[in-house]
Amino acid sequence: MFNILVSLLVVTVFLFRNIEAGCIVKPDANGHVDLTGSYAVTTVITSTYFSNCKELISIKINARCSTIANGAFFGCSNLKKVEFEFKGPFGFSQLQRIGSNAFYTAKLEELIFPPRDLVFDDYAFYASGTGTLNNITFTGIENTMSIGNNAFQALGKLDSIKFP
């Protein structure tokens with residue numbers, strides 16, 4: 001219990017000390033953010049974490065994260081890689097929902113989703129990867145998947161969507 005409280009405090013301090021940078025969670029010198037390890041307690045990525053963060057190029061999202069909220073990566077026009085941790089210290093991926101405009105205008109190159117039932121809200125990946133996103137892979141679907149209106153619209157040269 002004490003370790004969890006300390007971890008939450010560390011995450012809270014980390015999140016709010018970089019507001020002036022244009023994104024609450026500041027990427028490292030290579031434009032990368034790793035939300036695993038000591039940041040594995042993050043369960044929801046809200047719109048205030050990264051929206052309009054031009055420095056963000058890649059991110060690794062921990063297995064405990066269940067929701068990527070509306071507009072979470074909105075305007076991250078240099079974001080190329082999103083890696084979902086399939087199994088972390090708390091178990092297998094808990095990802096359930098990706099909100100509206102979550103990745104609007106990101107320049108994603110490839111998407112590989114963890115083996116989960118997922119909900120993609122309207123416009124979740126709208127205009128993400130324009131000209132660069134070639135492949136979307138779903139590694140497993142347990143029961144159902146819900147894909148909202150235009151969730152994957154305006155993706156440029158998407159070559160394939162792979163299902164298990």
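User: Before anything else, what is a salt bridge here?
Analyst: A salt bridge is a side-chain nitrogen of Lys or Arg within 4 Å of a carboxyl oxygen of Asp or Glu. Side chains of opposite charge can pair when their charged atoms come close. Keep in mind that this is a predicted model.

User: OK, how many salt bridges turn up in the whole structure?
Analyst: Searching the whole structure gives two salt bridges. In one of them, Lys-60 pairs with Glu-83, at 4.0 Å from N to O. Lys-60 sits in strand β3 (residues 58-61) and Glu-83 in strand β5 (residues 81-84), so the pair, 23 residues apart, links distant parts of the chain.

User: Is Lys-60 buried or exposed?
Analyst: Neither: Lys-60 is partly exposed because its relative accessibility is 23%, and partly exposed covers values between the buried limit of under 20% and the exposed limit of over 50%. Glu-83 is also partly exposed, at 32%.

User: And what does Arg-97 form a salt bridge with?
Analyst: Its partner is Asp-121, with the closest N and O atoms 3.0 Å apart. Arg-97 belongs to strand β8 (residues 97-98), while Asp-121 is in the loop between β10 (119-120) and β11 (135-138). The two are 24 residues apart and link distant parts of the chain.

User: Why is Asp-121 called buried?
Analyst: Because its relative accessible area is 16%, and buried means under 20%. Arg-97, at 37%, is partly exposed.

User: Different topic. Which residues make the nonpolar surface patch?
Analyst: Ile-141, Ile-161 and Phe-163 make it, and the patch is about 260 Å².

User: Where does Ile-161 lie?
Analyst: In strand β13, residues 160-162. Ile-161 is partly exposed, with 40% relative accessible area.

Methods
Residues numbered from 1 in each chain as written. Predicted model: local features only at pLDDT ≥ 70, side-chain atom pairs only at ≥ 80, totals over all residues. Heavy atoms only, no water. Patch = residues over 30% accessible without salt bridge, like charges linked within 9 Å, V, L, I, M, F, W, Y side chains within 5 Å. Areas by Shrake-Rupley, 256 points an atom, 1.4 Å probe, with all protein chains shown as cover. Helix = DSSP H or I, 4+ residues; strand = E, 2+ residues; numbered from the N terminus. Buried < 20%, exposed > 50% of the residue type's maximum accessible area, 1.4 Å probe, protein only.
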